[in-house]
Amino acid sequence: MTIHVNDQPREIAVGLSLADLVRDLGLADRKGVAIAIDDEVVPRSTWPTRALAEGERILVIQATQGG
Amino acid sequence: MKTAPLVIAGVTLRSRLFLGTGKYSSGAVMAESLAASGAELVTMALRRVRTDGSHDDIISQLDTSKYRLLPNTSGVRDAKEAVLAAELAREALGTNWLKLEIHPDPKYLMPDPVETLLATRELVKRGFIVLPYCHADPVLCKQLEEAGAAAVMPLGAPIGSNLGLESRAFLEIIIAQARVPVVIDAGLGVPSHAAAALEMGADAVLVNTAIAAAADPVAMGEAFKLAVEAGRLGFEAGLAARSTKTAPEASATSPLTAFLSGV
């Protein structure tokens, strides 16, 4: 099935959790990461149990340099 | 010499100099510069992670036990986007402190006053400690304060311009009226600008480009630290009144004219 990660279409297996996606993106050990699905923030503690669904828009951000 | 501590939202900060973390050549230089500046509150931005697997990891260079993070909402275009960015920042960095900045125009980065006020109201309701970046507009600053902003952050000059206190006349009114701390944000280019801001009664300054883009950002961090301390000490010492002597020409010409007319 297809989801959108930061506006890029991405094919994923059915049943993939948000935590799985974070791992696949290489972000599992990164600090300062947050995620919203369809404009709702998903707390990190619920990533392992949050199954992804067809067509969802995932926004993944990380803290970076800024003034 | 001890000066009065700065308190924002019940938190005492050890420095009146806030630092941005943008534009540094490396994380190591940034960390050293922050240490030299004595700053406690440091800003960070949010950005979308790349999905190709490459990441920057500036946050790992910051010892978060030493600094209080102030995430910003740079990149948002309106209040609705700002609220989502704020919620993401709170989740990402574990703080409800927020530098609210909404500047839809990428050329001049002028803050949008209407959206900033709307977003401040909503974010205060959601439990954020909101420090809005805004124009040096005394009416707006008062409205932001009434909306529950923990401080106001009017600009001295356009972001990154290094022009200094171009908005001075309006900053003076803002400072005279404010019941929350006034932090001069944006445009301060040299240490004397920061000193001048503190001398005129600003509670703090936020500096980024002037330090990060200096030839020696570590030395410049210390220079700003000293300037802020000097400026605050000067303010608390009570500035001597400025000279009010009138220009000599004005009083010299009248009697001369009278003499020549031979009345």
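# Chatting through chains A and B

Reader: Hi! I'm looking at helices α2 and α3 of chain B. Which hand does their crossing have?

Author: Hello! The crossing of α2(B) and α3(B) is right-handed. Keep in mind as we go that this is a predicted model.

Reader: Thanks! At what angle do those two pack, and how far apart are their axes?

Author: Helix α2 (residues 79-93) and α3(B) pack at about 40°, and their axes are 8 Å apart. The two helices are therefore oblique to each other.

Reader: Which residues meet there?

Author: From α2(B) you have Ala79(B), Ala82(B), Val83(B) and Ala86(B). They meet Glu115(B), Leu118(B), Ala119(B), Glu122(B) and Leu123(B) of α3(B). Sorted by class, this contact has seven nonpolar residues, two charged ones and no polar ones.

Reader: Nice. New topic: what order do the strands take in the open sheet with β6, β7 and β8?

Author: The order is β6-β7-β8, all in chain B, and the pairing is parallel. At the edges are β6 (97-100) and β8 (153-154), each of which pairs on one side only.

Reader: And what packs on that sheet?

Author: Our friend α3(B), residues 113-125, packs on the sheet and touches β6 and β7 of chain B. The direction of α3(B) makes about 175° with that of β7(B).

Reader: How many bridges pair β7 with β8?

Author: Two bridges, in the parallel sense, between β7 (residues 129-134) and β8(B). If you want a spot to click on, Tyr133(B) stands opposite Met153(B) in β8(B).

Reader: Found it. What about α6 and α8 of chain B, what's their packing angle?

Author: Helix α6 (residues 191-199) and helix α8 (residues 217-237) of chain B pack at about 25°, with their axes 7 Å apart. That makes α6(B) and α8(B) roughly parallel to each other. Residues in the contact include Pro191(B) and Leu198(B) from α6(B), along with Phe224(B) and Phe235(B) from α8(B). By class, there are twelve nonpolar, three polar and two charged residues in this contact.

Reader: And which hand is that crossing?

Author: α6(B) passes α8(B) in a right-handed crossing.

Reader: I also clicked on Ile173(B). Where is it, and is it exposed, partly exposed or buried?

Author: Ile173(B) sits in helix α5 (residues 168-177) of chain B. With 15 other C-beta atoms within 10 Å, Ile173(B) is partly exposed. Try finding Ala136(B) too: its C-alpha atom is 9.3 Å from that of Ile173(B), though the two residues are 37 apart along the chain.

Reader: Let's zoom out. How many helices and strands does chain B have?

Author: Chain B has nine helices and ten strands. Of its 263 residues, 46% are buried. Also, among the chain B contacts between residues at least 6 apart in sequence, 64% join residues at least 24 apart.

Reader: Last thing: how many residues does each chain bring to the contact between A and B?

Author: Chain A brings 24 residues and chain B brings 29. On the chain A side, the elements giving two or more residues are β3 (33-37) and β5 (57-64). The largest share comes from β5(A), with five residues. By class, the chain A side has eleven nonpolar, nine polar and four charged residues.

Reader: Which strand of chain B is joined to β5(A)?

Author: That is β4 (residues 41-48) of chain B, which runs antiparallel to β5(A), with four bridges joining them. To see one partnership, look at Thr64(A), whose bridge partner in β4(B) is Ala45(B).

Technical notes. Residues numbered from 1 in each chain as written. Chains lettered and ligands numbered in written order. Predicted model: local features only at pLDDT ≥ 70, side-chain atom pairs only at ≥ 80, totals over all residues. Axes fitted to C-alpha atoms, helices over the stretch in contact; angles between N-to-C directions. Parallel < 35°, antiparallel > 145°, perpendicular 65-115°, else oblique. Left-handed = near helix turned anticlockwise from the far one by under 90°. Contact = placed C-beta atoms within 7 Å. Nonpolar A, V, L, I, M, F, W, Y, C, P; charged D, E, K, R; others polar. Pairing = 2+ DSSP bridges. Buried ≥ 20, exposed ≤ 12 C-beta atoms within 10 Å, placed from the backbone.
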